[in-house]
Amino acid sequence: MTVTPPAASPAARAVDLRKTYGSGDSAVHALAGVSLDLEAGRFTAIMGPSGSGKSTLMHCMAALDTPTEGSVEVGGTDLGRLKDKELTALRRERIGFVFQAFNLIPTLTASENILLPLNLAGRKPDRQWLDTVIDAVGLRDRLDHRPTELSGGQQQRVACARALASQPSIVFADEPTGNLDSTSGAEVLSFLRRSVDDFGQTVVMVTHDAVAASYCDRVVFLADGLVVDEIQDPQREQILEHMTRLQELAAARSTRA
Amino acid sequence: MLKLTLRNLVARKVRLVMSGLAIVLGVAFLSGVLVFSNGLSSTFDSIIYSSTPDGVVRAEQTASFDAGGATTSQTISPEVVDRLAALPEVARADGDVVGVGMSLLASDGTLIGGTGAPTLAFNHTDTPNMAGEPPMLLTSGRWPTAPDEVVLDDAAADNGDYALGDEVKLLAPFGKSQRTATLVGTAEFNGGGTAGATLLVFSTQGAQDLFLDGADAFHQISLTAADGVSQEQLAEAAATVAPSGFEAVTGDQVAEESQDAVGQFLDVISTFLLVFAIIAVIVGGFIIVNTFTILVAQRSRELALLRALGASRRQVTQSVLLEAVVMSAVAATIGIGLGWLLARGLAALFRAVGLDIAGDTLTLDAPAVVISYAVGIGVTLVAAFLPARRAGKVAPVAAMRADAAPERHSLRRRTIIGGAVMALGALIAAVGVLGGPGPDALWVGIAAAIWILTAAGISSVIGRPVLVLCRGLFGRLFGTTGRLAGENALRDPRRTGATASALMIGLALVSCIGVLAASLNTSVDDVVDEQFTADFLVQSSNFLPFSTVVGDDLEKVDGVATVSRQQWTAAQVDDSTVFVTGNDAGFDDIYDLDVTDGRQQLQGKEALVTTGFADDHGLEVGAPLKLTFLAGKALDLEVAGIIEGSETTGDVSIPLDLLADGGVPRQDTSLSILLEPGADAVAVGKALDDAVAPTPVVAVYDKQEFADSIRDQVNQLLYMIYGLLALAIVIAVIGIVNTLGLSVIERTREIGLLRAIGMSRARLRRMITLESVAIAVLGALLGMALGLVIGVLLRQSLKDNLTSLGLPLGQLVVFLVIAVVVGVLAAIVPAVRASRLNVLDAIATE
């Protein structure tokens with residue numbers, strides 16, 4: 001299977017991204033200069049051992065956090081120039097989110113949760129698209145239920161539907177299967193895969209689960225705040241190998257230090 | 001995790017400070033009132049004791065402060081003074097002349113004092129007080145010696161803009177009303193200040209000229225005991241020479257009588273204030289209950305861990321209670337300090353209306369401190385008890401569960417019990433309205449207390465429709481933001497209900513008072529409409545009698561056909577005191593009383609009595625009636641007619657000229673004026689105003705002005721009550737701030753999610769503000785509904801006095817608007833805090 005990366009501008013781009021906490025000797029470089037293009041219409045995984053900066057990278061690219069240095073573009077817009085209000089609007093309209101847990105507002109029903117970003121933006125939902133998404137996650141009969149009445153897998157699927165409802169430029173998923181059993185996890189991952197294949201959606205997923213990463217078109221490995229490696233069309237064993245090597249390197253470095 | 005713990009700790013400190021604030025304010029109000037009451041009574045005590053001599057010889061049945069506008073015309077001759085002075089037990093005897101009804105005018109002709117504390121006029125003597133000190137101290141100048149000299153108190157001289165040597169303008173209650181006297185000095189009571197009273201001190205001859213028509217006589221005699229003679233021995237000895245109709249009493253008795261008389265008045269003020277302090281404390285208690293409930297819910301995991309580690313239920317409960325004790329002790333300490341300041345504020349407020357309380361009497365005594373601590377800590381403990389017990393019930397296994405919210409019982413049991421208690425209240429109210437035994441209003445009052453407290457308990461149930469309505473309305477007006485706010489207010493009905501309850505209590509009282517005041521106003525209008533049949537009425541602002549010269553002047557005004565005079569006084573019938581009105585012949589031309597038996601017109605020694613009075617004393621037309629006046633003289637009369645009680649007459653009405661036979665000095669209390677046919681009411685009204693201008697104690701009212709003047713008094717009291725209830729509302733607002741703040745902390749992750757998926761800060765703030773408004777509106781609507789029902793029922797039970805029902809609809813709308821404003825204000829801090837939450841912190845997984 002070969003997917004040619006489109007020549008057009010990427011869905012999101014990071015250039016020499018740095019994020020430093022603290023200053024002087026005690027400074028911690030969560031991101032030490034990451035440059036990364038996330039191509040449109042592809043399913044990318046960001047992996048790395050804990051502390052590698054993968055969450056920070058995602059937060060910066062998703063307009064949830066501001067980098068210390070470097071720039072981020074989402075759909076051609078430079079985030080550095082935007083104020084909080086504009087960033088909020090950008091998140092609402094151009095970015096979809098799926099978090100590991102606590103994805104839904106407990107007081108709203110499933111359908112209200114799905115429509116929430118659109119409602120906040122005051123946009124009319126595209127009914128046809130919405131039906132397509134809802135059918136794709138297979139939750140048509142659960143739309144009037146509140147989150148507490150849904151299983152964990154169902155809740156994550158509602159979150160996925162919400163992320164796609166506004167037809168964003170890019171969907172960021174932060175360990176979306178971290179709290180799920182393997183069957184529910186597989187359902188969520190298949191759906192994300194389908195959204196890329198069938199709807200041409202761009203999805204970026206932070207994970208440390210090799211199985212989850214194996215659903216992706218591309219895996220980017222981070223260590224110590226830098227992109228250290230990447231694989232196209234990965235297989236599970238391949239990913240595990242890379243991960244193991246990264247961990248050994250990290251372990252070796254920490255014993256030296 | 002450490003970060004979270006630290007953040008929690010800081011957050012909890014804020015929570016404790018917020019709930020502590022409710023106690024601080026409650027205790028401050030309470031201790032402020034206690035300190036103020038102490039200051040009030042000690043101010044009067046010290047004046048009373050420092051101005052009372054060892055003994056007094058006075059007319060029987062007169063009590064020192066109990067003059068009430070009626071004076072005695074019985075006097076003692078100077079020979080009695082000499083005879084008393086000659087007694088071996090008596091060191092000295094001084095004749096006193098006491099004038100009631102004298103008024104002081106400022107140099108610009110306006111009235112000084114008048115509405116608040118009394119104006120006391122008397123002659124200056126050197127009689128020492130019980131402690132052997134002079135009763136009064138000069139602060140400047142000298143004592144009066146000539147008849148046309150006067151000494152004022154410092155405040156009066158200041159307010160009147162008089163300096164030593166100036167001619168002071170006075171208004172006498174008898175005869176020629178305008179007088180002048182030269183200011184020769186200023187003085188105050190030895191006990192400190194004057195408590196706001198205006199003092200006019202004359203020479204003995206000057207006082208006799210003014211109050212006794214120049215006769216050389218006295219109203220009473222002050223005695224000073226010889227060395228080694230007790231007050232009792234002095235009084236016994238003096239009794240042997242006192243003329244008939246006079247009695248000799250000890251200084252202690254005089255002081256006690258004065259204290260009793262003043263004490264009744266002071267008790268009214270203190271009790272009145274205390275009621276509001278207690279309301280504030282109760283409202284504060286509700287907030288404590290709510291805060292501790294939420295704190296326990298949020299800490300249930302921590303508490304469960306303690307239980308898992310082996311802490312007993314008791315230990316967990318006690319740890320929560322201990323927290324409450326520490327918090328309330330700190331809060332009460334601050335509150336007591338604040339109360340001391342508040343007492344000064346109250347004193348300043350009362351000074352403004354003419355009741356001067358010496359600043360150095362406003363001290364925190366031990367009982368006030370003990371009571372304040374006991375109430376502050378006690379209320380907090382009681383309020384924290386249920387949440388603390390619930391804390392002890394947290395199961396150890398909850399520590400292991402992800403979702404550690406304590407289990408919630410269904411609201412059904414609460415609803416059933418609450419409904420039953422409400423029904424019980426309704427039953428009690430029904431007894432009151434249908435006229436059960438005892439005062440009807442008391443039954444309604446008990447029902448009101450039951451209803452308010454029960455409504456607070458089941459506010460989570462009865463408030464639901466209001467909240468659902470809010471959700472719909474907000475959703476329509478504010479879209480998703482409004483919808484979310486409505487949902488948030490509904491998600492924990494107990495919490496929303498308990499928070500709203502504090503506001504509900506305040507508004508129930510405010511609305512109830514509002515209904516009563518509106519009813520009072522419409523009833524006044526009705527009465528005035530029906531009974532104000534004169535063209536003009538002339539009265540003094542405090543209904544004290546004034547000189548007959550005023551009436552003489554008004555009779556001369558062009559266009560006036562009749563000036564009917566009426567004098568009110570008090571008399572004894574059997575053993576009770578009744579109001580007696582003396583009406584002149586013109587009265588019957590103007591007033592058509594509602595006669596149930598006999599006739600209105602009186603001839604000779606006849607009297608009219610009200611039906612109530614007739615029932616109490618078993619009288620009917622033709623029955624004899626004996627009135628004993630303050631001077632001790634009695635009149636034997638025959639009942640000529642029985643009338644329905646009205647505002648135009650007292651319990652008993654007699655011909656005006658008979659009052660002189662009762663020893664009552666002739667004055668007027670009320671003048672009713674009829675104009676000549678065709679006279680221009682506006683022009684004559686102006687001429688009448690001009691005619692009374694030199695006598696600012698009285699005013700001319702037409703029907704509208706008269707109704708307005710009464711309404712003004714009602715409204716003044718109403719605003720004062722509103723002002724006092726405002727503190728309870730402030731405490732309720734703190735409760736809303738508290739609950740919202742705690743909810744924001746609890747919903748940190750949800751807020752983070754909303755921000756992440758695109759809710760702007762402004763919308764987030766709006767969401768929290770709308771939730772706050774929902775709580776405030778819930779409290780306001782429940783309170784107003786309860787207040788209306790209670791007010792209407794109370795009015796019904798008081799229908800004898802409040803003849804018609806008035807609903808302050810305009811005010812209710814204002815209250816609702818205020819509630820919305822309160823909601824918006826209460827949300828400011830929590831909303832800003834929520835909007836400043838770091839999105840990343842908020843969504844970070846634990």
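Which residues of helix 21 (residues 748-756) of chain B are buried? In this predicted model, the buried residues of helix 21 of chain B are B:Ile751, B:Gly752, B:Leu753, B:Leu754, B:Arg755 and B:Ala756. They pack against elements from two chains: helix 2 and strand 6 (95-98) of chain A, together with helix 20 (703-746), helix 22 (761-797), helix 23 (809-835) and helix 24 (839-843) of chain B. Just after helix 21 of chain B comes B:Gly758, whose phi is positive, at about 115°.

The packing around helix 21 leads on to the contact between the chains. Chain A contributes 22 residues to this contact and chain B contributes 21 residues. On the side of chain A that touches chain B, the elements giving two or more residues are helix 2 (84-94) and helix 3 (110-121) of chain A. Sorted by class, this side of chain A has 11 nonpolar, 6 polar and 5 charged residues.

Chain A also holds a sheet worth tracing strand by strand. It is an open sheet of 4 strands in the order 2-1-4-5, with antiparallel pairing. Strand 2 (28-38) and strand 5 (77-78) of chain A stand at the edges with a single partner strand each, so one side of each has no neighbour in the sheet. As general background, strands of a sheet pair through backbone hydrogen bonds, either parallel or antiparallel. Within the sheet of chain A, strand 1 (residues 12-21) and strand 4 (residues 69-74) pair in the antiparallel sense over 5 bridges. A:Ala14 has A:Val72, in strand 4 of chain A, as its bridge partner. Helix 1 (residues 54-61) of chain A lies across strand 1, strand 2 and strand 4 of chain A, and runs at about 120° to strand 1 of chain A.

In chain B, the domain assignment gives domain 1 (1-54 + 251-407), domain 2 (55-250), domain 3 (463-533 + 702-846) and domain 4 (536-701). The centres of domain 1 and domain 3 of chain B, taken over C-alpha atoms, are separated by 24 Å. Their contact takes 23 residues from domain 1 of chain B and 24 residues from domain 3 of chain B. On the side of domain 1 of chain B that touches domain 3 of chain B, helix 1 (2-50) and helix 6 (251-298) of chain B are the elements giving two or more residues. Helix 6 of chain B gives the most to that side, with 13 residues. By class, that side of domain 1 has 16 nonpolar, 6 polar and 1 charged residues.

The nonpolar cores come next. The largest nonpolar core has 304 residues, of which B:Ala280 and B:Ile731 touch the most other members. Leaving aside neighbours within four places in sequence, B:Ala280 is in contact with B:Leu25, B:Gly26, B:Phe29, B:Leu727, B:Ala728 and B:Ile731. Another core, of 23 residues, lies apart from the largest one and includes B:Ala571, B:Phe613, B:Phe629 and B:Val652.

Chain B has an open sheet of 4 strands too, here in the order 2-12-1-13 with antiparallel pairing. Its edge strands, strand 2 (90-96) and strand 13 (246-250) of chain B, each pair on one side only, and the twist averages 20° from one strand to the next. Strand 1 (residues 55-59) and strand 12 (residues 220-225) of chain B pair in the antiparallel sense over 4 bridges, with B:Leu223 in strand 12 as the bridge partner of B:Gly55. Helix 5 (residues 231-241) of chain B lies across strand 1, strand 2, strand 12 and strand 13 of chain B, running at about 170° to strand 13 of chain B.

Notes:
Residues numbered from 1 in each chain as written. Chains lettered and ligands numbered in written order. Predicted model: local features only at pLDDT ≥ 70, side-chain atom pairs only at ≥ 80, totals over all residues. Pairing = 2+ DSSP bridges. Contact = placed C-beta atoms within 7 Å. Axes fitted to C-alpha atoms, helices over the stretch in contact; angles between N-to-C directions. Domains from an automatic or database assignment. Nonpolar A, V, L, I, M, F, W, Y, C, P; charged D, E, K, R; others polar. Core = buried A, V, L, I, M, F, W, Y, C linked by C-beta atoms within 7 Å. Buried ≥ 20, exposed ≤ 12 C-beta atoms within 10 Å, placed from the backbone.
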